[in-house]
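Here are a few exercises to work through with the model open in your viewer. Have a go at each one before you read its solution.

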Amino acid sequence: MSSPPTKAPHGLSRNAANYGDRDFAFYLRRSFASSMGYSRAMLEKPVVGIADTASDYNNCHRNVPEMVEAVKRGVLAAGALPLAFPTVSLCEPSLVPTSMHYRNLMAMDTEAMLSAQPMDAAVLIGGCDKTVPAQLMAAASADVPSVMLVTGPMLAQRFEGERLAACTDCRRYWARYRAGDVSAERIGEIEGKLATSAGTCGVMGTASTMACIAAALGFMPLMAASAPAVHSDRLRMAEEAGALAVRLITHPVKPSQLITEKSVENALRVLLALGGSTNALIHLTAIAGRAGVKIDLKRLDALSEETPVLVDLKPTGEGYMEDFHAAGGMIALMRELRDLLHLDCIDLYGQTLGEQIDAGTPFVDRTYIRARNQPVSPVGGLVSLFGSLAPDGAILKRSAATPALFETEARCVVFDGLADLAERIDDDALDVTAQDILILKNAGPLTPAGMPEAGYLPIPKKLARAGVKDMVRMSDCRMSGTAFGTIVLHIAPEAAAGGPLGLVETGDRVRLSVKERRLDLLVEEAELARRRVAWTPPAAPKRGWDKLVHEQVLQAPEGADLAFLRPEGV
């Protein structure tokens, strides 16, 4: 007589420590879990882990405690045990040198907790722009069935006849303050009106772009990408996320089934149609890389030529995320892009993208989600550039740039790092004109600066006072997804890695051609060879996380991930 099949471990019976006596390990675990007040019946249920990223330092996650409770409701109602656990939480304004420097640390922390703790599925609660990619990178590496739940965007505030929300309006008013158009008293008054509710930036910045990309990859329902943080829909979506996580225990759909070449291409289409953040390209590249999928910048450029910008939100357009949600959100956008998408990609319910689109309400508000024949722009928001200054590539967000500057050859004014930029940019003696190109180097992922959002170099004060609103700016770092300007970013290899950018000097001529997708340093090779001999790499950090980053971090076209965390051959 054959023995009955052994039931697969579930809930608290998963991932037990091994003291040489596995039964004792489970006995010990149940004993300690009982001290939390759970009944034996609850302790025998399957477990849904909830990544709790609430932090007093993270305003974007102000509503996380409420969302955790809603997720728990959904889990309990579906018959499982919810167990919340804390992880690293990242908030851009609260971290030095930048939240990007710690994205991979959060990904490592989250991956370890998903893999080491007993859980059958997980709900990942994130929002602020580096938290969502960190969690998706972790999910991809751990390959634990995981539901992404975002905190949602803040609401725009009506103030004296206009609507305001972080952070495009922050930058707009700050630029006016630097130009002398807004007084110190007024800028102080505006400061308290820019971010007045829970949630992430209310425009199509990095946080909102990543939420839409997570939905496009299938990690949450399409409309869950855009519901405002303070809307009751957000809590209902949290409850649904809990129930969905329980469903994944019996009907598993793993991250490795969601992150495929086809779904990544769909996400790139969405990024382009949104006029989304340049940061999202780095994050999507890192997420895809964890699943063994490569993103080719030249393929991105080809997609950009046939994917129009359809979403009219700041910083590319005029609306806010709450408008996008009310206009039909991701369902309406995906329906408009239908013929460009791989409709057989699945979501966590096992539904195909085509089925999701068909099941959605047919409503769309053309004020914010344009028809294909009346786009915001007939081509995508991002382009990739290559040339002697960027052998491995660079990025320009053309949908938020000044077309008159797309074909520029000019003298450059170079800043060697953030300290040099801060010291000289507003000096009235700075030798600079509106026709020059501003270049910042030594601010990439290898540097102590940690690839900050400093690519949005401020217009020098003397030019801002003269009415200059935009000029060509270039760097090896990033810029906020909420920013506007003709700004070339992610130049690779970066200066600190020995890239040509490290050899640029003030007075050199540089040529930008969006038409030709070129970025070239117009300096004789013999002169560059002389400079290369004199160049020395920056000193390496001595210890801790900074040292590990310096030794392992990859360049922007590879997602600035840590090399040892990616699958072999990627």
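**Exercise 1: a salt-bridge pair and its partner**

Arg531 and Glu527 meet through their side chains in a salt bridge, 3.0 Å from N to O. Keep in mind that this is a predicted model. Work out how Arg531 and Glu527 are placed in helix H19, and find what Glu505 adds.

*Solution.*
- Start with the spacing: Arg531 and Glu527 sit 4 residues apart in helix H19, so about one helical turn separates them.
- Next, bring in Glu505, which also forms a salt bridge with Arg531, with the closest N and O atoms 3.6 Å apart.
- Glu505 is in the loop between E12 and strand E13 (509-513), while Arg531 belongs to helix H19 (residues 525-534), so this pair ties together parts that are 26 residues apart in sequence.
- Now check exposure. Arg531 counts as buried at 10% relative accessibility, Glu527 is partly exposed at 25%, and Glu505 is partly exposed at 38%.

**Exercise 2: a salt-bridge network**

Which residues are linked with Lys130 in a network of salt bridges? Then decide whether Lys130 is buried or exposed.

*Solution.*
- The network links Glu92, Asp129, Lys130, Glu453 and Arg478.
- Within it, take Lys130 and Asp129: their closest N and O atoms are 3.0 Å apart.
- Buried means under 20% relative accessible area. Lys130, at 0%, therefore counts as buried, and so does Asp129 at 10%.

**Exercise 3: the faces of H13**

Show how the buried residues of helix H13 (residues 297-306) are arranged, and say what covers them.

*Solution.*
- List the buried residues: Leu297, Leu300, Asp301, Leu303 and Ser304.
- Look down the axis of H13: these residues fall within an arc of 165°, so they line one face of the helix.
- Then look at the cover, which includes helix H11 (261-274), helix H12 (279-290), strand E7 (382-387) and strand E8 (390-397).
- Finish at the N-terminal end, where Asp296 caps H13 with a side-chain oxygen 2.9 Å from the backbone nitrogen of Lys298.

**Exercise 4: two residues of one loop**

Thr482 lies in the loop between strand E11 (473-475) and strand E12 (487-492), and Phe484 is in the loop between E11 and E12 too. Set out the surroundings of each.

*Solution.*
- Thr482 is buried, with a relative accessible area of 2%; Phe484 is partly exposed, at 39%.
- The Thr482 side chain makes a polar contact with that of Ser480 (2.6 Å).
- Beyond neighbours within four places in sequence, Thr482 touches residues including Cys167, Arg171 and Pro315.
- On the same basis, the contacts of Phe484 include Pro315, Tyr456 and Arg473.

Note on methods
Residues are numbered from 1 along each chain as its sequence is written. This is a predicted model: local features need pLDDT of at least 70, side-chain atom pairs count only at pLDDT 80 or more; totals for chains, interfaces and linings use all residues. Side-chain values use heavy atoms; hydrogens and water are left out. Buried means under 20% relative accessible area, exposed over 50%, partly exposed in between (1.4 Å probe, protein chains only). A polar contact is a pair of N or O atoms within 3.5 Å; within protein, one must be able to donate a hydrogen and the other to accept it, and residues adjacent in sequence count only if both atoms are side-chain atoms. Contact means heavy atoms within 4.5 Å. The arc is that of the directions from the helix axis to the C-beta atoms. A salt bridge is a side-chain nitrogen of Lys or Arg within 4 Å of a carboxyl oxygen of Asp or Glu.
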